[in-house]
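I am opening a fresh page for this structure and will note what I look up as I go. The sequence and the model come first, and my entries follow.

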Amino acid sequence: MAASAGPEIERLIGLLAKLPGMGPRSARRAALALLKRREQLLEPLAASLAETAAKVRSCSVCGAPDTRDPCSICADTSRDGGLICVVEEAGALWAMERSGAFRGKYHVLGGLLSALDGIGPEALRISELVGRAREGAVKEVVLALPATVDGQTTAHYLADRLSGTEVQITSLARGVPVGGELDWLDDGTIVQAMRQRRPA
């Protein structure tokens, strides 16, 4: 930590260092920036963190963080309730919303199945998803999970758990990204793109 900093500053640096993408050096720089701009950054950030901690909860329907329950997306009657997009975490939900490509509802699992990390089905919101699928209003479940070993394992498990319902199970297409050049792509992406090719 900082050699000559007081315990409060050391604690701030230690907490910042726990954030994704922040190591000890980045945390020290961030702490210094906050302290230098106390009124413009530090105090508003502290107030925002306190308010967020007090007000934000997980939606009882989909699991997304929001100040409302049900969340603003689940409460939106203009969205297609027959379409559920399953995502790993809220960050993926926010990415889908940013794109504007999806107008259904969501289900946040809260992670992925991982034998190495000891994460089994009971640690995720899988039972809640199956319950929603069995309600009758859901027509399609889109599995929007990462193209990783854990993501694919989770997708196969979910497809198996949902197989007894009348719900259509789909997954996001994988392949060449917009603006992507073939010589920069990994082999797995090229294989998926070839498998999922369609008429031009």
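Is E51 buried, partly exposed or exposed? I looked this up first and found that E51 is partly exposed, with a relative accessible area of 45%, where buried means under 20% relative accessible area, exposed means over 50%, and partly exposed lies in between (1.4 Å probe, protein chains only).

Before going further I noted that this is a predicted model, in which local features need pLDDT of at least 70 and side-chain atom pairs count only at pLDDT 80 or more, while totals for chains, interfaces and linings use all residues. I also noted that residues are numbered from 1 along each chain as its sequence is written, and that side-chain values use heavy atoms, with hydrogens and water left out.

**Entry on salt bridges**

I searched for salt bridges, each being a side-chain nitrogen of Lys or Arg within 4 Å of a carboxyl oxygen of Asp or Glu, and the count came to 3. As background I wrote down that side chains of opposite charge can pair when their charged atoms come close.

E51 belongs to one of these pairs, since its side chain meets that of K55 in a salt bridge at 3.2 Å, N to O. Both residues lie in helix α3 (residues 38-55), 4 residues apart, which is about one turn of the helix; for my own reference, helices (H or I, at least four residues) and strands (E, at least two) are DSSP runs, numbered from the N terminus. K55 is partly exposed as well, at 47% relative accessibility.

I then turned to D76 and R103, whose side chains meet in a salt bridge at 3.8 Å, N to O. D76 lies in the loop between β2 (65-66) and β3 (80-87), and R103 in the loop between α4 (90-99) and β4 (104-108), so this pair ties together parts that are 27 residues apart in sequence. I recorded D76 as partly exposed with a relative accessible area of 24%, and R103 as partly exposed at 43%.

The side chains of R79 and E97 also meet in a salt bridge, at 2.7 Å, N to O. This pair links distant parts of the chain, with R79 in the loop between β2 and β3 and E97 in helix α4, 18 residues apart. Here R79 is buried, with a relative accessible area of 7%, whereas E97 counts as partly exposed at 28%.

**Entry on helix α1**

In helix α1 (residues 7-16) I found I13, G14 and L16 buried. Seen down the axis of α1, the buried residues fall within an arc of 165°, so they line one face of the helix; the arc is that of the directions from the helix axis to the C-beta atoms. These buried residues pack against α2 (24-36), with contact meaning heavy atoms within 4.5 Å. On the other side of α1, I noted P7, E8 and R11 as exposed.

**Entry on the strands**

How many of the residues of β3 are buried? I found that 6 of the 8 are, so β3 is largely enclosed by the rest of the structure.

I next looked for the partners of β3, taking two strands to pair if DSSP finds at least two bridges between them. β3 and β4 pair in the parallel sense over 5 bridges, and the bridge partner of C85 in β4 is Y106. β3 also pairs with strand β5 (residues 140-143), in the parallel sense over 4 bridges, with I84 opposite V141 and V86 opposite L143.

From β5 I followed the pairing to strand β6 (residues 168-171), again parallel and over 4 bridges, where L143 stands opposite S171.

I recorded a right-handed β-α-β unit made by β3, α4 and β4, and another made by β5, helix α6 (residues 149-161) and β6. Right-handed here means that, with the strands pointing away from the viewer, the path from the first strand over the helix to the second runs clockwise.

**Entry on R197**

My last look was at R197, which lies in the segment after α7 (187-195) and counts as exposed at 61% relative accessibility. R197 and G175 are 22 residues apart in sequence and 8.7 Å apart in space, C-alpha to C-alpha.
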